[in-house]
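Work through the following exercises with the sequence and the coordinates at hand, and compare each solution with your own reading.

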Amino acid sequence: MALSEQSIVKSEVRWALVVGGTVALILAAILFAAITMHMNPPSNREYADPKTLHLSAEFTEANLGTTVDPNGRIVARIIATQFEFVPNCIILPANRDVTFRVTSPDVIHGLLITGTNVNTMVVPGYVSQVHTRLTKLGDLLMPCHEYCGLGHSQMLATIKVVP
Ligand code: CUA
C-alpha cells in the first residue's frame, strides 16, 4: 500500500519538530550553564586575583611553601605558572593531614601527585584546594596535567614525603 502524500508530509513535519525540539533543548542547556554556572576548579570556589597574587594576601612569595595552621593541619601553598610550580620541591611529613592550596597567575594548569588522591585543575582567578594524607615515604612526582603552552612537558615538581 502506497503512503499518501499527506501522511508523508505529516511524518516529515513530526520529525522536523523532534529534531528542532532537541536542538532547542541543547541550546537552552548550554545557555543555562553559561549564565548560571561560574567555571571554577572542581575542588573549591574561592577567588584570587591573578594580577595581584604577588603583591598581597595569601600567595605572596613569603607565604608560599608549607605552614602548620592552628589546628595542626599542614597547608602547602603553591603557585602554578608557565612553566613551573613555585616552590617546586615540597617536603611533607607522612601520615599528617595536608591541604594543598594552589592558584595560577597566567593560564589553566592542573596538578596531580602520582599514587595519591591529589588531582585538580588550577584555574586563574580561583584557589584550588585538595585535602590529603600522604602515607608512602619517598619522592612523588607532581606534574602539570593541563596543556599550558610549549613548556608544559617540563612543568613538574617533587613532593618529598619524610617520616
Ligand atoms: Cu602547566 Cu601544563
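**Exercise 1.** Determine how many helices and strands the protein has, and the pattern they follow along the sequence.

*Solution.* In this predicted model, the assignment gives 1 helix and 10 strands. Read along the sequence, these elements follow the pattern α-β-β-β-β-β-β-β-β-β-β, with the helix at the start of that pattern.

**Exercise 2.** Establish the strand order of the open sheet that has 3 strands, and explain why one side of S4 and one side of S9 are left without a neighbour.

*Solution.* The order in this open sheet is S4-S10-S9, and the pairing is mixed. Strand S4 (89-93) and strand S9 (138-143) each have a single partner strand and therefore stand at the edges, so that one side of each has no neighbour in the sheet. From one strand to the next, the twist averages 25°. Turning to the pairing itself, S4 joins strand S10 (residues 156-162) in the parallel sense, over 5 bridges; Leu-92 stands opposite Val-161 in S10.

**Exercise 3.** Compare the radius of gyration of the protein with that of a compact globule of 163 residues, and then consider its extents, burial and contacts.

*Solution.* The protein has a radius of gyration of 24 Å, whereas a compact globule of 163 residues would have one near 15 Å. The C-alpha trace spans about 85 × 35 × 35 Å along its principal axes. As for burial, 23% of the 163 residues count as buried, which rests on a cut-off of 20 or more other C-beta atoms within 10 Å. Finally, among the contacts with a separation of 6 or more, 61% are between residues 24 or more positions apart.

Technical notes: Residues are numbered from 1 along each chain as its sequence is written. This is a predicted model: local features need pLDDT of at least 70, side-chain atom pairs count only at pLDDT 80 or more; totals for chains, interfaces and linings use all residues. Two strands pair if DSSP finds at least two bridges between them. Helices (H or I, at least four residues) and strands (E, at least two) are DSSP runs, numbered from the N terminus. Axes are lines fitted to C-alpha atoms, for helices over the stretch in contact, and angles run from 0 to 180 degrees between N-to-C directions. The radius of gyration is taken over C-alpha atoms; the globule rule is 2.2 Å times the number of residues to the power 0.38. A residue is buried if 20 or more other C-beta atoms lie within 10 Å of its own, exposed if 12 or fewer, and partly exposed in between; C-beta atoms are placed from the backbone. Two residues are in contact if their C-beta atoms, placed from the backbone, lie within 7 Å.
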